[in-house]
Amino acid sequence: MCGRYAASRRPEDLAGIFEVEKWEPEETLDPDYNVAPTKDVYAVLDRPLKDAESPKPVRQLRRLKWGLVPSWAKTPEGGARMINARAETVHEKPSYRRAFAARRCIVPADGYYEWVTGSAERDLEVEGKKKRPRKQPYFVLPADGSVFAMAGLYEFWRDKTLPDDHPRAWWVTCSVITTEAETSPLAVAPAEGPHALADIHPRMPLMLTPDRWDAWLDPARTDVDGLRELLAPPPAGMMRAYPVSTAVSNVRNNGPELLKELEGPEEGTLF
């Protein structure tokens with residue numbers, strides 16, 4: 001799954017990486033080292049500009065809310081539960097299938113956090129001596145330091161309780177697509193701990209390699225079977241993972257120190 005990630009790149013850097021043609025300075029976000037559900041996040045998408053004479057899609061860097069709210073939802077309350085969509089079923093689930101066909105985006109990140117329960121803690125849990133095992137967080141990122149381009153969907157939702165000119169009348173929300181975690185060895189694995197992403201968690205956000213960006217973002221592509229082919233996992237051996245402080249487990253903590261690599265799992269969370 002993807003329940004927390006880091007996003008520290010500046011919008012001008014993202015604009016260069018993704019060949020963005022349009023982004024609004026007032027939508028600039030501060031670097032966020034602990035992005036949690038319902039926060040505002042950056043998303044790259046291809047869409048005609050509002051009130052533009054030309055219907056040609058323009059690549060934009062937009063500020064969206066993480067947690068998709070379907071256009072037909074009566075309230076936005078369910079968005080916090082819809083931060084992820086499964087690659088295997090995204091084309092058929094009522095909440096996602098329309099967006100999958102027409103409103104796809106890329107959610108850029110430095111990498112994502114995932115938690116694993118240490119073996120010692122699991123043993124205690126099995127023995128009934130510990131009800132809530134302490135989990136060791138890991139940071140997962142491309143081994144070459146490139147952007148982690150997560151496949152995503154976006155949707156518009158109209159709050160009918162507000163007038164058309166109200167700034168909150170329209171919500172633009174997004175979801176990250178996940179896939180089965182890699183079982184192949186990590187490109188760089190910690191000395192102690194997991195040697196594959198599947199050792200950390202059975203799911204992972206689906207990272208799109210640059211050769212798929214244009215096709216994924218193209219709103220003219222609506223063939224479901226063809227789009228599903230783009231959801232193939234990236235080549236094996238591109239990722240690294242390392243343990244980080246359990247401070248990241250508290251959403252109130254936010255700073256570059258959360259990305260600091262530990263020499264090994266914290267005491268009490270041995271893998």
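Modeller: A salt bridge here is a side-chain nitrogen of Lys or Arg within 4 Å of a carboxyl oxygen of Asp or Glu. This is a predicted model, where local features need pLDDT of at least 70 and side-chain atom pairs count only at pLDDT 80 or more, while totals for chains, interfaces and linings use all residues. Residues are numbered from 1 along each chain as its sequence is written, and side-chain values use heavy atoms, with hydrogens and water left out.

Biologist: OK, how many salt bridges does the count come to?

Modeller: One to look at is K39 with D32, whose closest N and O atoms are 3.0 Å apart. R10, E12 and D13 are even linked in a network of them. The count of salt bridges comes to 13.

Biologist: Is D32 buried or exposed?

Modeller: We call a residue buried under 20% relative accessible area, exposed over 50% and partly exposed in between (1.4 Å probe, protein chains only). Its partner K39 has 26%, so K39 is partly exposed. D32 has just 12%, so D32 is buried.

Biologist: How many residues apart in sequence are the parts that K65 and D40 tie together?

Modeller: Those two side chains meet in a salt bridge, at 3.6 Å from N to O. Helices (H or I, at least four residues) and strands (E, at least two) are DSSP runs, numbered from the N terminus. K65 sits in strand β5 (residues 58-66) and D40 in strand β4 (residues 40-47), so the parts they tie together are apart in sequence by 25 residues.

Biologist: And what about R158 and D164: what is their N to O distance?

Modeller: R158 is buried at 18% relative accessibility, whereas D164 is exposed at 64%. Their side chains meet in a salt bridge, and N to O comes to 2.4 Å.

Biologist: On to the rings. Which helix does W216 lie in?

Modeller: Rings of Phe, Tyr and Trp (its six-membered ring) pair if their centres lie within 6.5 Å, with planes under 30 degrees apart stacked, over 60 edge-to-face and the rest tilted; that gives nine aromatic pairs. F100 and W216 make a tilted one, 6.1 Å centre to centre with 55° between the planes. F100 lies in helix α2 (residues 97-102), so the pair ties together parts 116 residues apart, W216 being in helix α4.

Biologist: Which residue lies over the face of W216?

Modeller: W216 is buried, with a relative accessible area of 0%. A charge sits over a ring if NZ of Lys or CZ of Arg is within 6 Å of the ring centre and within 35 degrees of the ring normal. At 5.6 Å from the ring centre of W216, the residue over the face is R104.
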